[in-house]
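Visitor: Could you walk me through this one? I'd like to jump around a bit and ask as we go.

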Amino acid sequence: MRRTDLSLAEARRIALAAQGFADPRPRGRVDIRHLRAVLARVGLLQIDTVNVLVRSHYLPLFSRLGPYHMSLLDDAAYQRRELFETWAHEASLVPIEHYPRLRHRMDEEKAHVRFRRWLEENTAYVEGVLAEVRQRGPLAAGDLSDPGKRKGIWWARSKGKMALEWHFRKGRVMVHKRRNFTRVYELTERVIPVHILNGGEHNELEAQRALLLFAARAHGVGTARDLADYYRLPVPRARELLAELAMEGTLHTVAVEGWSEPAYLHPKARIPRSVDAQALLSPFDSLIWERARTERIFDFRYRIEIYVPESQRQFGYYVLPFLLGDRLVARVDLKADRQAGRLLVRAAHVENSVDRGRVAAALAEELQTMAEWLELDGVNVGRRGAFASELRGAFLT
C-alpha cells in the first residue's frame with residue numbers, strides 16, 4: 001500500500017481528466033469513435049424521463065464533445081448493440097462489455113414486500129407475459145394482448161408494465177429499442193450479442209471488484225463512498241474490497257486536502273497542470289451526480305429541485321451547472337421551447353469570487369452552441385437570478 005498526499009486542486013483536476021474534461025472537444029464531425037472514447041471513460045449514461053430541455057443521457061456527450069447527432073447514441077445502443085439498458089447507477093445505458101459484471105445483480109434482484117405479494121397473486125399472468133414476448137417478439141407494455149390499465153401499485157403502472165419491468169430487472173428481457181421513449185422489450189438472448197451473453201462469467205466478488213476498479217478509473221480519485229455510489233454497491237462491502245485492492249497495489253491509498261476520509265487513486269489517473277473546460281452539465285452527469293462529492297471537490301452545493309414546489313425553489317426547475325476551467329462557476333435553469341424555437345434561460349446565478357464578465361461571455365457562447373445543437377433559433381434570457389442581466393448583456397456584445 002502506498003500513501004500519497006494530494007492538494008484539493010490536484011484532486012479536482014484528476015477528477016475532471018478522468019471524466020474527459022481535460023481534453024479539447026473534437027474540431028471536426030463527431031463520430032462513433034468519439035462516443036466510444038467517452039463511454040470508455042465514464043462507463044454509463046444515466047437515463048431520466050424529464051424532457052424539459054433534452055433527455056439527460058444525451059447531455060454528457062454534448063458536454064464533452066460539443067454538438068453531435070443524437071442518433072449516434074441511439075444507433076450505438078439499439079442498432080449496433082454496443083450499449084444496453086440496465087439498472088447500474090440508476091437506469092442507465094452501459095457499454096455491452098460490462099454485461100457479465102452486472103449479470104449477478106439481476107439474479108439477486110429481490111421484490112419489495114408489497115410487490116412480491118402482487119407477483120405471487122399474479123404468477124400465471126407474469127409468466128404469460130414472458131411467454132408472449134417469446135412468441136411474438138419485441139413488445140411494449142401497450143402491445144400485450146392484456147396490458148391492463150394504469151392503476152394500483154408501483155408508480156401507478158399497468159399490470160403489463162409491472163410484469164415486463166420485473167422480467168427486465170431479473171434479466172429475462174432487455175430493452176430492444178425505444179418507441180417515443182417507451183421501452184420495447186425483447187428476450188435477453190435476442191438482444192445481447194451471443195459472444196457477450198456466453199462470455200466469461202463473473203461471480204459476485206469478482207464482479208464487484210471489477211466495478212470498483214472501473215469506478216476508480218472513472219473518478220480518478222475518490223473515497224469508498226464515492227466509488228461505491230458509481231454502481232450503487234454496498235458501502236461496507238466496497239470498503240472491504242477497496243482495502244484489498246490497495247493492499248495488492250492495484251489502487252493507491254491517498255490523503256486529499258480537506259477530505260475527512262481516505263481516498264483511492266487509480267494508478268492510471270493523470271494530473272493535468274491545468275484544465276480548460278467549458279461545459280453545461282446535466283443534473284445526472286457522472287461528474288456531479290454524487291452531490292456530497294461535488295461539494296467536496298468544487299465547493300459547489302447542488303441539488304435538483306424538480307420535486308420541490310415552485311415557490312420553494314432556490315435556483316429553478318431544471319438547473320445545469322456551468323463548468324469553466326476547473327471550477328463550477330454558475331448555474332442556469334433551462335428549457336427548450338420547441339414551439340417558439342428558443343432556448344430559454346429562466347434563471348441565471350453565478351458563484352462568488354469569479355470573473356463575472358469572463359463567465360458571462362463563456363456561458364453565452366456555450367448556450368448559443370447548445371441552442372444550435374438542439375436546432376433552436378436562439379437564446380432568450382429571462383430576468384430571474386442575480387446573474388441574468390449580465391448574461392443577457394453578453395448576448396448583446
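Guide: Gladly, and since this is a predicted model, a local detail makes a good start: in the hairpin formed by strand 5 and strand 6, where two residues lie between the strands, Asn-180 takes a positive phi near 55°.

Visitor: How many bridges join strand 5 to strand 6, and which way do they run, parallel or antiparallel?

Guide: Six bridges join strand 5 to strand 6 (residues 182-187), and the two run antiparallel. Within that pairing, Lys-177 stands opposite Val-184 in strand 6.

Visitor: OK, switching to the core. Which residues of the largest nonpolar core touch the most other members?

Guide: That core has 112 residues, and those touching the most other members are Leu-53, Tyr-231, Met-370 and Leu-391. Its largest share comes from helix 15 (residues 356-373), which supplies nine residues. Apart from it lies another core, this one of 26 residues, including Leu-16, Val-221, Leu-287 and Ile-297.

Visitor: Tyr-231 sounds worth a look. What is Tyr-231 in contact with, leaving aside its neighbours within four places in sequence?

Guide: With those neighbours left aside, the contacts of Tyr-231 are Gly-43, Leu-44, Ala-88, His-89, His-98, Leu-102, Arg-105, Leu-211, Phe-214 and Ala-215.

Visitor: Phe-214 is another ring, then. How many aromatic pairs does the count come to?

Guide: The count comes to ten aromatic pairs. Phe-214 and Tyr-231 form one that is edge-to-face, with 6.4 Å centre to centre and 70° between the planes. Phe-214 lies in helix 11 (residues 204-219), whereas Tyr-231 lies in the loop between helix 12 (224-230) and helix 13 (235-248), so this pair ties together parts that are 17 residues apart in sequence.

Visitor: Are those two rings buried or exposed?

Guide: Both Phe-214 and Tyr-231 are buried. For another geometry, Phe-300 and Tyr-302 form a tilted pair, at 6.3 Å centre to centre and with 45° between the planes, and both Phe-300 and Tyr-302 are buried as well.

Visitor: And which residues form one aromatic cluster?

Guide: One cluster is formed by Phe-214, Tyr-230, Tyr-231 and Trp-289, so labelled by ring centres that pair within 6.5 Å.

Visitor: What about charges over rings, say which ring has the charged end of Arg-169 over it?

Guide: The charged end of Arg-169 sits over the ring of Trp-87, 4.2 Å from its centre. Lys-159, for its part, lies over the face of Tyr-125, at 4.5 Å from the ring centre.

Visitor: Sheets next. In what order do the strands of the three-strand sheet come?

Guide: The order is 2-4-3, in an open sheet with antiparallel pairing. Strand 2 (45-46) and strand 3 (83-87) stand at the edges, and because each has a single partner strand, one side of each is left without a neighbour in the sheet. Strand 2 is joined to strand 4 (residues 91-95) by two bridges, running antiparallel, and Gln-46 stands opposite Ser-92 in strand 4.

Visitor: Which helix lies across strand 3 and strand 4?

Guide: Helix 5 (residues 99-108) lies across the two, running at about 30° to strand 3. Its buried residues are Tyr-99, Pro-100, Leu-102, His-104 and Met-106. What covers the buried residues of helix 5 includes strand 3, strand 4, helix 9 (159-169), strand 5 (173-179), helix 10 (194-197) and helix 11.

Visitor: And the sheet of five strands, what order does that one have?

Guide: That open sheet has the order 10-11-12-13-14, with mixed pairing. Its edge strands are strand 10 and strand 14 (378-384), each pairing on one side only, and the twist averages 30° from one strand to the next. Six bridges join strand 11 (residues 319-325) to strand 12 (residues 327-337), which run antiparallel, and Leu-323 has Leu-328 in strand 12 as its bridge partner.

Visitor: Last one: where is Ala-269 found, and why does it count as partly exposed?

Guide: Ala-269 is found in the loop between strand 9 (263-265) and strand 10 (277-280). Ala-269 counts as partly exposed because its relative accessibility is 26%, and the partly exposed class falls between under 20% for buried and over 50% for exposed. Leaving aside neighbours within four places in sequence, Ala-269 is in contact with Ile-14 and Gly-220. The C-alpha atoms of Ala-269 and Val-221 are separated by 7.6 Å, although the two residues are 48 residues apart along the chain.

Key
Residues are numbered from 1 along each chain as its sequence is written. This is a predicted model: local features need pLDDT of at least 70, side-chain atom pairs count only at pLDDT 80 or more; totals for chains, interfaces and linings use all residues. Side-chain values use heavy atoms; hydrogens and water are left out. A nonpolar core is a set of buried Ala, Val, Leu, Ile, Met, Phe, Trp, Tyr and Cys residues joined through side-chain atoms within 4.5 Å. Buried means under 20% relative accessible area, exposed over 50%, partly exposed in between (1.4 Å probe, protein chains only). Helices (H or I, at least four residues) and strands (E, at least two) are DSSP runs, numbered from the N terminus. Contact means heavy atoms within 4.5 Å. Rings of Phe, Tyr and Trp (its six-membered ring) pair if their centres lie within 6.5 Å; planes under 30 degrees apart count as stacked, over 60 as edge-to-face and the rest as tilted. A charge sits over a ring if NZ of Lys or CZ of Arg is within 6 Å of the ring centre and within 35 degrees of the ring normal. Two strands pair if DSSP finds at least two bridges between them. Axes are lines fitted to C-alpha atoms, for helices over the stretch in contact, and angles run from 0 to 180 degrees between N-to-C directions.
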